[in-house]
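Visitor: Please give me a close look at one part of this structure, with the parts around it brought in where they touch it. I am in my first year, so please explain each term when it comes up.

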Amino acid sequence: MSASGPFQDKPKIRVDALSVARGGRVLFEGLSFSAEPGAYLEIRGGNGAGKTTLLRTLAGYLKPRAGQIVFENLEEPSLALHFVGHQNGLKPTVSVASHLRYWAGLFGGASDASVAAEKLGLAALLERPARTLSQGQARRLSLSRLILAPRPIWLLDEPAAALDANGKAMLAAIIDARRADGGLVLAAVHEPLGPTPSQTLTVGA
């Protein structure tokens with residue numbers, strides 16, 4: 001095992017004829033796509049089209065009606081994913097530094113928490129409790145999970161929500177770095193995040 005843990009394989013994903021429903025309504029069916037190591041796939045569609053549902057299905061949180069999801073080059077697919085949803089998942093009274101230390105330990109990452117803080121512009125906020133952060137600062141703190149533990153597949157649901165221009169540039173930089181390292185990034189978006197996507201997938205069309 002390498003120093004970075006058991007997540008160093010360069011993953012591929014293949015989705016065949018996927019069909020997903022929620023509340024008795026079919027959101028999409030017959031959805032097929034594949035992505036190679038280093039790919040960035042943007043998922044687009046209107047509100048309620050199924051973007052979040054697709055990401056949650058890929059993460060294994062929802063069971064599809066039909067179809068197949070195959071991860072290749074991964075020994076432990078369930079441990080190789082980062083899912084970042086709409087909620088930041090912060091404890092209001094806990095400091096930024098404590099959140100970083102906790103996640104680094106929880107996710108088994110070897111990264112120095114101070115590195116994540118620097119990359120996401122949080123270094124001057126380490127002693128601040130989460131309740132005092134702006135929405136954009138809170139989002140940056142939530143995204144620090146991506147850096148604290150080296151997992152090869154990122155599933156991001158509107159990751160730029162509440163970020164200012166600098167925050168969006170930071171997000172684009174860490175996505176490009178993940179891709180350069182052979183990772184896969186799939187993001188549900190309403191607007192481009194900045195990195196050039198390998199492909200764009202539209203759901204609910």
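Guide: What follows is a slow walk through one sheet and its surroundings.

The model is predicted, and for this reason local features need a pLDDT of at least 70 and side-chain atom pairs count only at pLDDT 80 or more, while totals for chains, interfaces and linings use all residues. Residues are numbered from 1 along each chain as its sequence is written, and side-chain values use heavy atoms, with hydrogens and water left out.

The part I have chosen is an open sheet of five strands, arranged in the order β5-β6-β7-β3-β8 with parallel pairing. Helices (H or I, at least four residues) and strands (E, at least two) are DSSP runs, numbered from the N terminus, and two strands count as paired if DSSP finds at least two bridges between them. Strands of a sheet pair through backbone hydrogen bonds, either parallel or antiparallel. At the edges stand β5 (81–84) and β8 (199–202), and because each has a single partner strand, one side of each is left without a neighbour in the sheet. Neighbouring strands are turned against each other by 15° on average, direction ignored; such angles lie between axes, which are lines fitted to C-alpha atoms (for helices over the stretch in contact), and they run from 0 to 180 degrees between N-to-C directions.

Within this sheet, the parallel strands β6 (residues 153–157) and β7 (residues 184–188) are joined by five bridges, and here Asp157 stands opposite Ala188 in β7. Helix α1 (residues 51–58) packs on the sheet and touches β3 (40–44), β5, β6, β7 and β8, with its direction making about 155° with that of β6; contact here means heavy atoms within 4.5 Å. Another helix, α6 (residues 165–180), lies across β3, β6 and β7 and runs at about 155° to β6.

Strand β6 also leads us into the interior. The largest nonpolar core has 30 residues, and those with the most contacts inside it are Leu156, Leu171, Ile175 and Leu193. Such a core is a set of buried Ala, Val, Leu, Ile, Met, Phe, Trp, Tyr and Cys residues joined through side-chain atoms within 4.5 Å, where buried means under 20% relative accessible area, exposed over 50%, and partly exposed in between (1.4 Å probe, protein chains only). The elements that give two or more residues to this core are α2 (96–106), α3, α4, α5 (145–148), β6, α6 and β7, and α2 gives the most, with four residues. Leaving aside residues up to four places away in sequence, Leu156 touches Leu55, Val84, Leu146, Ile175, Val185, Leu186, Ala187 and Ala188. Apart from this core lies another, of 28 residues, among them Val15, Leu41, Ala49 and Leu201. In soluble globular proteins, nonpolar side chains tend to be buried together.

Charged side chains have their place around the sheet as well. Six salt bridges are found in the whole structure, a salt bridge being a side-chain nitrogen of Lys or Arg within 4 Å of a carboxyl oxygen of Asp or Glu. One of them joins the side chains of Arg44 and Glu42 (3.5 Å, N to O); Glu42 counts as buried at 2% relative accessibility, whereas Arg44 is partly exposed, with a relative accessible area of 23%. Another joins Arg140 and Asp164 (3.2 Å, N to O), and this pair links distant parts of the chain, since Arg140 is in helix α4 (residues 135–143) and Asp164 is in the loop between β6 and α6, 24 residues apart. Arg140 counts as buried at 13% relative accessibility, while Asp164 is partly exposed at 41%.

Finally, helix α1 brings in a second sheet, as α1 also lies across β1, β2 and β4, running at about 125° to β1. These three strands form an open sheet in the order β2-β1-β4, and their pairing is antiparallel. Its edge strands are β2 (25–35) and β4 (66–72), each pairing on one side only, and the twist averages 15° from one strand to the next. Six bridges join β1 (residues 12–22) to β4, and the bridge partner of Val15 in β4 is Ile69.
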